Amino acid sequence: MTPPAPPPGPGVAPPFAAPPTEGRRTRLWIGLGVGALAVVLCCGGGGSAVVGLAVTGVQAVREQARTVTGDYYQALVERDYGRAYEQLCDDAQRRESRPEFERRAAAEPQVTAFRLGEVDTINLTLPVDVTLEGGDREQQQVILGNDGQTGGVEVCGVS
């Protein structure tokens, strides 16, 4: 059954408004342009955030590495071998007990001064220029590692 036709005559309105026919393509292109702009802004912002986090993470590792290594060598300069031992990673502490470390550090030539180099964030190493008692100087390479519990950086060895 078909619906009845509207009554003829002036002033009679159809039951719904007809959709506009002009400007359809313009609205389509404006909508697509706004959508593309939104995608670019979201992806660009997300990419910037990832890059920012990566740079901040590298800077944090460098800062922690320099702080921990500086604390380690400062403790050696002050002959506070217990404090130096606390800067060692768990593996290094398992290889050598605190009393063994203190005896060995006291028997080696004493560190009187040090200067830290630049952290290699890929290999987690840090070169240190060391001045020993008597004026001898040597270059030491500190091997660093991440603490699994705290996420911080620790000294794992010196070569």
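Select strand β2 (residues 125-132), where six of the eight residues are buried (under 20% relative accessible area with a 1.4 Å probe and protein chains only, whereas exposed means over 50% and partly exposed lies in between), so that β2 is mostly covered. Strands here are DSSP runs of E of at least two residues, and helices are runs of H or I of at least four, both numbered from the N terminus. The model is predicted, so local features need pLDDT of at least 70 and side-chain atom pairs count only at pLDDT 80 or more, while totals for chains, interfaces and linings use all residues. Residues are numbered from 1 along each chain as its sequence is written, and side-chain values use heavy atoms, with hydrogens and water left out.

Next, show β1 (111-116) beside β2: five bridges join the two, which run antiparallel, and strands count as paired if DSSP finds at least two bridges between them. Along this pairing, F114 has V130 as its bridge partner, and L116 stands opposite V128.

On V128, turn to β3 (residues 137-146), where Q140 stands opposite V128. Seven bridges join β2 to β3, again in an antiparallel run, and the hairpin that they form has four residues between the strands, with G134 in the turn at a positive phi of about 100°.

Now display the open sheet of four strands, ordered β1-β2-β3-β4 with antiparallel pairing; β1 and β4 are its edge strands, each pairing on one side only.

Finally, select C89 and C156, which form a disulfide (sulfur atoms within 2.5 Å) with their sulfur atoms 2.4 Å apart. Because C89 lies in the loop between α2 (81-86) and α3 (90-95) and C156 in β4 (residues 153-158), the pair ties together parts 67 residues apart in sequence.
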